[in-house]
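Visitor: I have not looked at this structure before. Please take me through a few of its parts, one question at a time.

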Amino acid sequence: MERVVLVLMLIRFLCSVHSQVSYSIPEEMSKGSLVGNIVQDLGLDIKRLKTGKGRIFTGDQADYIALDKDRGILLIKERIDREALCGQTSPCALHFQIILENPMELYSVTVEITDINDNPPSFEKSDMKFEIGENAAIGASFILEIAVDPDVGVNGLQTYTLKPTDNFQLKLNQQPDGGNIVEMILRKPLDREEQENMMLVYTAVDGGEPQMSGTVQIHITVLDANDNAPVFTQDIYKVSVSENSPKGTRLTAVSATDADYGSNNVVIYSLSRSIAGISDMFSVDRKTGEVTLIGQLDYEKARNYQFFVEGRDEGGLSDSCKIIVDVVDVNDNSPIISTISKSSTIAEDAPSNTVIAMISVNDPDSENNGQVSCIINENIPFAIKSTSNRFYSIVTDSELDRETHSEYNITVTCSDEGVPSLSSRADLSLKITDVNDNAPVFVKSSYEASVSENNTPGLSIFTVRARDADWNQNARVSYILEESSNNGVPVSSYVSVNAESGVIHAVRSFDYEQVKAFTFHVKAQDGGSPPLSSNVSVKIIIQDQNDNAPQVLYPVQTSGTLVAEIVPRSADVGYLVTKVVAVDVDSGQNGWLSYKLLKATDRALFEVGAQNGEIRTIRQVNDKDAVKQKLSVVVEDNGQPSRSATVNVNVALADSFPEVLSEFSDFTHDKEYNDNLTFYLVLALAVVSFLFIVSIITILSVKCYRWKRDRMFYKSNGNLPVIPYYPPLYADVGGTGTLQHVYNYEHYRTTDSRKSDLKYVRPCNQSIISLDNTEIQTLPHAHGEKLINDSEDQVRDFK
């Protein structure tokens with residue numbers, strides 16, 4: 001009876017769930033602060049809240065809200081930190097229920113926690129240090145640290161500032177995932193000679209009220225570079241000297257200055273030895289720059305001498321000045337082209353007017369016969385320029401691109417102005433060396449791939465590809481998985497990327513019910529110095545498999561409580577008995593459920609809706625139908641292969657509650673009676689076996705004692721008869737029994753013929769066999785000794 005009432009109360013409780021009430025409060029409210037008047041909002045009487053023993057049920061969540069039953073209001077129980085509770089998730093809410101009893105009622109309450117600007121943006125480091133060479137190119141970028149603000153929305157991080165902005169400016173690069181990369185861009189060349197150390201203030205600002213910010217100092221040290229070559233005070237030194245001048249004659253003194261610092265501004269002078277014979281005729285002092293004649297001049301051998309004095313600092317940079325000595329002769333000599341300096345290779349990023357070769361053109365003739373002009377072949381990105389009389393430089397005339405032309409053959413043609421004109425030609429071969437000016441480019445702008453859940457760890461999902469137009473090491477592409485997280489889980493715990501091949505591998509076995517899709521970024525980086533890279537977005541979609549069986553939510557299957565649905569015998573065809581409610585956590589067709597009747601006491605009486613799980617009658621109930629009806633309903637999903645679950649539904653065909661109660665009480669009572677009867681039978685068998693063993697041991701002990709006593713009497717007096725003695729209240733059962741006469745057993749029968757009790761009546765006097773608390777029969781030691789002493793006294797009296 002009580003169990004049926006509990007079942008009905010449970011059914012009523014399940015049907016007493018009311019709609020929810022929502023509140024919105026800011027975080028960090030003090031303890032005891034008012035959340036809301038729950039009695040007024042739910043339309044309840046405060047007396048109902050007290051008599052119903054109203055309480056809050058939060059489940060596994062922390063208890064932040066308290067219920068004041070006396071005033072019918074909700075209060076803050078513990079300080080709520082939205083960032084600790086929800087992190088970056090928005091909106092952030094607490095969900096709990098208010099439960100009332102007698103009758104049971106349940107109300108759902110949602111309290112949304114709104115964010116306040118209680119956290120300023122912060123940086124991981126207190127300062128940042130950079131060492132930048134003064135020769136850094138304009139536009140060079142330097143990655144800055146990203147600030148972190150636990151607040152969300154407008155209270156979160158909004159922008160960055162950098163002060164002062166004389167040499168640098170900030171650039172924010174929006175990433176596909178919504179984040180930013182902050183770069184410090186060089187907008188004005190650095191000059192160590194003007195300012196060696198710089199300090200910038202880098203600030204992150206949020207958008208809250210009041211506005212909060214975090215700052216970090218950026219220390220920049222400008223490194224000196226050998227960016228200043230020695231500069232001669234004169235480009236050309238002209239000297240007139242007679243051919244008969246003696247050796248050691250001082251011709252001139254050259255002078256050069258260097259604006260660099262330290263060893264970079266010490267200038268060493270030397271003659272250019274690219275023209276044959278110059279070093280035999282002239283010399284220059286390494287320290288003073290004084291040019292001296294050391295050979296014998298001959299007008300007939302040379303009309304003039306032109307050579308360069310080079311000034312080189314210890315950093316390797318140099319400049320040169322030209323020394324000219326003239327000789328007059330006729331036009332009987334073709335121009336002589338001498339290469340002073342040349343480069344066999346040049347980088348493709350070389351700026352315009354970069355000198356790739358310096359040549360000297362000498363014609364021993366005089367006047368117009370010795371006037372020379374030079375040209376180079378057309379349709380090449382080079383030009384020839386005369387730096388001074390008879391000295392030429394071959395320079396770049398436009399941008400170079402190794403990917404278009406990797407090598408050039410340059411022909412220099414020099415002609416004098418004599419009649420007829422004489423000319424000479426020189427060929428230069430120049431190779432264009434590659435620079436890392438092309439970042440890797442992915443074949444696709446983004447990638448998307450699918451993988452079935454429950455995959456094998458290490459599975460190859462797909463491959464990303466990137467191409468680099470550069471050459472050799474600059475074109476060697478490596479693939480790197482960008483660090484990121486998906487719902488707080490590092491993406492590296494989901495996938496990995498092969499650095500060489502770009503193959504994406506699954507690190508773990510995916511579960512569609514936990515992760516349906518995630519996005520990450522793969523960086524393709526070349527082997528140049530500095531390396532160039534590009535990113536691509538990759539989205540992995542987890543495909544569902546039918547790995548979850550349906551779960552039955554109603555009716556709830558319990559082992560200790562019998563639940564039955566009551567159907568009146570007057571029910572019409574199509575009467576709704578109950579509804580089987582089931583869910584399947586799989587998706588798509590794997591989660592489509594169908595219901596069918598598996599077994600039934602009377603299959604012709606009930607049917608189950610294949611789509612909705614409703615159990616209805618399919619004919620009129622009659623008096624011949626059994627009161628108790630048991631149905632088995634199977635729930636199957638639409639997966640391949642399908643999975644299923646079975647639920648049993650008990651149905652009572654009755655018009656009155658007492659009829660149902662009597663029928664189902666007998667069922668429960670029979671079950672309890674059978675369980676009790678089995679227990680008592682086992683217990684009785686154990687007690688009887690124990691008593692039997694104790695009796696056998698007692699009888700053997702008495703037999704052995706009497707045998708020893710008879711032997712003793714026989715030896716002491718063989719003529720006396722032996723008279724057996726039995727203690728009072730004991731009967732000789734077959735000459736060996738020791739059980740008392742007054743032990744009785746009474747058998748009682750109850751009004752219910754299926755139960756009986758066994759009563760054991762103890763004797764009035766003390767027995768030598770007693771039943772202790774452990775239900776084990778023992779012989780008390782003191783009483784046993786008394787019986788033995790009484791027997792010996794009687795034997796002595798007999799003698």
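Visitor: How many bridges join strand β4 to β5?

Guide: This is a predicted model, in which local features need pLDDT of at least 70, side-chain atom pairs count only at pLDDT 80 or more, and totals for chains, interfaces and linings use all residues. Residues are numbered from 1 along each chain as its sequence is written, and side-chain values use heavy atoms, with hydrogens and water left out. Strands are DSSP runs of E of at least two residues, numbered from the N terminus, and two strands pair if DSSP finds at least two bridges between them. Strand β4 (residues 65–68) and β5 run antiparallel, and the bridges that join them number four.

Visitor: Which residue in the turn between β4 and β5 has a positive phi?

Guide: β4 and β5 form a hairpin, with four residues between them. In β4, L67 stands opposite L74 of β5. The residue in the turn with a positive phi, of about 70°, is G72.

Visitor: Which residue stands opposite L75 in β5?

Guide: Strand β5 (residues 73–76) has I73 and L75 pointing one way and L74 and I76 the other way, and all are buried; buried means under 20% relative accessible area, exposed over 50%, and partly exposed in between (1.4 Å probe, protein chains only). Strand β2 (residues 34–36) runs antiparallel to β5, joined by two bridges. Opposite L75 stands L34.

Visitor: How many residues does the largest nonpolar core have?

Guide: A nonpolar core is a set of buried Ala, Val, Leu, Ile, Met, Phe, Trp, Tyr and Cys residues joined through side-chain atoms within 4.5 Å. In the largest one, V495, F518, F520, V522 and I540 have the most contacts inside the core. Strands that each supply at least two of its residues include β41 (517–526) and β42 (533–543). The number of residues in this core is 28.

Visitor: At what angle are the ring planes of Y160 and Y202?

Guide: Rings of Phe, Tyr and Trp (its six-membered ring) pair if their centres lie within 6.5 Å; planes under 30 degrees apart count as stacked, over 60 as edge-to-face and the rest as tilted. A search of the whole structure finds 15 aromatic pairs. The rings of Y160 and Y202 have centres 5.5 Å apart, and the pair is stacked because the planes are at 15°.

Visitor: How far apart in sequence are the parts that Y160 and Y202 tie together?

Guide: Both residues, Y160 and Y202, are buried. Y160 lies in strand β10 (residues 157–163) and Y202 in strand β13 (residues 197–206), so the parts tied together are apart in sequence by 42 residues.

Visitor: Is N455 buried or exposed?

Guide: N455 is placed in the loop between β33 and β34. Leaving out residues up to four places away in sequence, N455 touches A506, R508, S509 and F510, where contact means heavy atoms within 4.5 Å. A polar atom of the N455 side chain lies 3.2 Å from the backbone oxygen of R508. With a relative accessible area of 7%, N455 is buried.

Visitor: What is the C-alpha to C-alpha distance between K599 and S632?

Guide: K599 lies in strand β47 (residues 593–600) and is exposed, with a relative accessible area of 53%. Not counting neighbours within four places in sequence, K599 is in contact with K630, L631 and S632. K599 and S632 are 33 residues apart in sequence, and their C-alpha to C-alpha distance is 4.9 Å.

Note on methods. A polar contact is a pair of N or O atoms within 3.5 Å; within protein, one must be able to donate a hydrogen and the other to accept it, and residues adjacent in sequence count only if both atoms are side-chain atoms.
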